[in-house]
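Visitor: Pick one part of this model and give me a close look at it, contacts and all. I'd like the cut-offs along the way.

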Amino acid sequence: MKKKLFCLAIAAILVIACTNDRSIEEEKPIVIDPSSELIYFWNFNAVVGTTTSIAPDFDSSSETASITYDGTGAGYMDNDGTVGYENNTRNGSIAGTLLKVRNPSDTRSLFLNMPTTGYKNVIVQFATARSSNTGATVQNYSYTIDGTNYIQTGLSRITHNTTPDTPDLIVLDFSTISGINDNPNFKVKIEFAGPTVSGTSGNNRFDNVTLEGIPLP
């Protein structure tokens, strides 16, 4: 009996030691290919009041890109003059102002309509935060390659817990998903969740949305 207990103790020690020694692999930083070009850039500085569709402030594509907040209910998106963020600014743009996506946001989603025609290995970035205590606390990310069906396959980041008032830089790497290359139907969907998502006040905030990729020959 003593021998059995001794063996069990040794086994437990070995398991603990292996667990302590084993390092947990952290998410690798995303490196943007130096041959990538800026395709679309939204800084929202020119948006005034409530809006339903926003064209990019910079567009190097021949396609039509837009940001919409589709769904039902009382939620809407607007620019009320709140000072924007410096994260991910491009082309010498100032922080300016930002976009607010208002609650209730459980019946709406933010859509980034970003055709990738003529480009491959694309990456989406944006700065985001939420209003204190009232904004949706979770963002969930998916995409479509056919313009209709949204999936998360191949995405290393599919969700984000928003920070009140302080912006985080979100990087969505689509560079290894071949179906997105040279695709006029590519869109990103941002859905909102959490205990405050159905409230009548509060918002999620977005600024400096970009898509960049490598030009095709």
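Guide: Sure, starting with a cut-off: contact, or touching, means heavy atoms within 4.5 Å. This is a predicted model, where local features need pLDDT of at least 70, side-chain atom pairs count only at pLDDT 80 or more, and totals for chains, interfaces and linings use all residues. Numbering runs from 1 along each chain as its sequence is written, and side-chain values use heavy atoms, leaving out hydrogens and water.

Let's go for strand 8, residues 108-113. Strands here are DSSP E runs of at least two residues, while helices are H or I runs of at least four, and both are numbered from the N terminus. 6 of the 6 residues of strand 8 are buried, so the rest of the structure largely encloses it. Buried means under 20% relative accessible area, exposed over 50%, and partly exposed in between, with a 1.4 Å probe and protein chains only. Arg108, Leu110 and Leu112 point one way, Ser109, Phe111 and Asn113 point the other way, and all are buried.

Now the pairing, which takes at least two DSSP bridges between two strands. Strand 5 (residues 66-71) pairs antiparallel with strand 8 over 6 bridges, and Asp70 sits opposite Ser109. Strand 13 (residues 187-193) also runs antiparallel to strand 8, joined to it by 5 bridges. There, Lys189 is the bridge partner of Phe111.

Follow strand 8 to Asn113, which counts as buried because its relative accessible area is 18%. Setting aside neighbours within four places in sequence, Asn113 contacts Trp42, Thr64, Ala65, Ser66, Phe186 and Lys187.

Phe186 is a good one to chase further. Not counting residues up to four places away in sequence, Phe186 touches a list including Leu112, Asn113, Met114, Val122, Val124 and Phe174. Phe186 also belongs to the largest nonpolar core, which has 36 residues; Leu110, Val124, Phe174 and Phe186 have the most contacts inside it. Strand 9 (residues 119-130) gives the most to this core, with 4 residues. For the record, a nonpolar core is a set of buried Ala, Val, Leu, Ile, Met, Phe, Trp, Tyr and Cys residues joined through side-chain atoms within 4.5 Å. That fits a general pattern: in soluble globular proteins, nonpolar side chains tend to be buried together.

So, back to where we began: strand 8 pairs with strand 5 and is bridged to strand 13, with Leu110 among the residues that have the most contacts inside the largest nonpolar core.
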